Protein chains: 2
Amino acid sequence: MYDDKFMLRALALARECAAVDEVPVGAVIVKDGNIIAEGVNFKERANNALRHAEMEALSRAAEVVGNWWLEGCEVYVTLEPCPMCAGAMINARVDALYFGAYDPKSGACGSKVNLFEEGLFNHYVEVSGGNMAEECGAVLSEFFKTKRARKN
Amino acid sequence: MYDDKFMLRALALARECAAVDEVPVGAVIVKDGNIIAEGVNFKERANNALRHAEMEALSRAAEVVGNWWLEGCEVYVTLEPCPMCAGAMINARVDALYFGAYDPKSGACGSKVNLFEEGLFNHYVEVSGGNMAEECGAVLSEFFKTKRARKN
């Protein structure tokens with residue numbers, strides 16, 4: 001069941017990204033009511049387009065659980081996942097995905113495509129979007145505003 | 001431009017997977033006519049659903065190139081990529097994708113969804129499927145046949 005407190009933690013992680021000039025996205029994985037793994041966007045620092053916040057968190061969760069199947073795990077992320085991250089959640093068979101702001105440019109949960117459409121793949125993920133969307137979106141828009149200001 | 005010799009290398013990598021009881025999929029990344037990175041399916045060994053052959057190869061290519069943008073890079077993989085791997089190729093902005101066998105269960109290049117549909121995302125990838133499809137498919141079907149036989 002969705003709980004604001006986990007999205008608040010994902011938001012705090014997103015803010016840490018902004019501080020190191022990384023597009024601010026944060027993710028946490030929750031199991032049995034506890035955070036078992038966290039991730040921040042690491043793309044620029046690692047120079048690797050695969051290192052999105054969700055991928056970092058999912059990989060760590062697999063280590064913690066000791067299984068590729070993340071049964072009973074819920075993903076909280078501040079931005080609607082892209083196809084890569086949404087696909088990873090299907091592959092890892094997470095139970096649920098709660099995301100913040102919608103991403104009209106590359107969101108894979110309805111904005112551009114919907115990889116979670118019922119019956120499309122052989123695993124069902126409960127999905128809910130727009131949670132604390134205003135706060136989650138603001139972290140991103142402030143980041144890009146500051147970046148543009150610095151350029152001028 | 002597609003060249004059989006790179007798919008043959010991906011096939012050899014797939015066969016290595018089968019030998020260690022991993023679903024046999026192999027991938028190579030080609031730049032300027034040379035293989036710059038390779039990957040094999042590592043899911044069972046790492047106990048991590050994210051470690052598909054393509055992801056392994058793409059991550060290594062980013063290290064080799066020293067950039068998240070895999071400009072001028074072509075992916076050869078024995079099986080049609082899933083949404084995670086197809087999404088990763090879009091994120092890394094590879095030039096082209098050549099795959100072998102189609103995957104009716106989770107292929108993201110037309111079989112289940114088509115993430116490479118023109119104009120869907122802001123990066124164009126040249127895609128061609130069914131290259132050496134018979135050989136690529138045979139490695140998989142032999143693997144599952146042997147697995148079933150062992151169970152009985």
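I began with one pair of residues and found that Ile29(A) has Ala37(A), in strand 2 of chain A, as its bridge partner. I note at once that this is a predicted model, and I read everything below with that in mind.

**Entry 1: the hairpin in chain A**

I then looked at the two strands around that pair, and found that strand 1 (residues 26-31) of chain A and strand 2 (residues 34-40) of chain A run antiparallel and are joined by six bridges. Two residues lie between the strands of this hairpin, and I wrote down that Asp32(A) takes a positive phi near 50° there.

**Entry 2: a glutamate in helix 3 of chain A**

Is Glu56(A) buried or exposed? I first placed Glu56(A) in helix 3 of chain A, and then looked up its relative accessibility, which is 9%, so Glu56(A) counts as buried, the cut-off for buried being under 20%. Leaving out residues up to four places away in sequence, I listed what Glu56(A) touches, and the list holds Glu38(A), Gly39(A), Val40(A), Phe42(A) and Arg51(A).

**Entry 3: two helices of chain A**

Staying with helix 3 (residues 53-65) of chain A, I compared its axis with that of helix 4 (residues 83-91) of chain A, and found that the axes come within 9 Å and cross at roughly 20°. Helix 3 of chain A is therefore roughly parallel to helix 4 of chain A, because angles under 35 degrees count as roughly parallel. I also noted that helix 3 of chain A passes helix 4 of chain A in a left-handed crossing.

Which residues meet here? From helix 3 of chain A I listed Glu54(A), Met55(A) and Leu58(A), which meet Met84(A), Cys85(A), Ala88(A) and Met89(A) in helix 4 of chain A. Sorted by class, this contact has six nonpolar residues, no polar ones and one charged residue.

**Entry 4: the sheet of chain B**

Turning to chain B, I found an open sheet of five strands in the order 2-1-3-4-5, with mixed pairing. Strand 2 (34-40) and strand 5 (126-128) of chain B are the edge strands, each pairing on one side only, and neighbouring strands are turned by 15° against each other on average, direction ignored.

Within this sheet, strand 1 (residues 26-31) of chain B pairs with strand 2 of chain B in the antiparallel sense over six bridges, and Ala27(B) stands opposite Gly39(B) in strand 2 of chain B.

**Entry 5: helices on the sheet**

Last, I looked at helix 1 (residues 4-19) of chain B, which lies across strand 1, strand 2, strand 3 (73-79) and strand 4 (96-101) of chain B and runs at about 150° to strand 1 of chain B. Helix 5 (residues 133-151) of chain B also packs on the sheet, where it touches strand 3 and strand 4 of chain B, its direction making about 60° with that of strand 4 of chain B.

Definitions and conventions
Residues numbered from 1 in each chain as written. Chains lettered and ligands numbered in written order. Predicted model: local features only at pLDDT ≥ 70, side-chain atom pairs only at ≥ 80, totals over all residues. Heavy atoms only, no water. Pairing = 2+ DSSP bridges. Helix = DSSP H or I, 4+ residues; strand = E, 2+ residues; numbered from the N terminus. Axes fitted to C-alpha atoms, helices over the stretch in contact; angles between N-to-C directions. Contact = heavy atoms within 4.5 Å. Parallel < 35°, antiparallel > 145°, perpendicular 65-115°, else oblique. Left-handed = near helix turned anticlockwise from the far one by under 90°. Nonpolar A, V, L, I, M, F, W, Y, C, P; charged D, E, K, R; others polar. Buried < 20%, exposed > 50% of the residue type's maximum accessible area, 1.4 Å probe, protein only.
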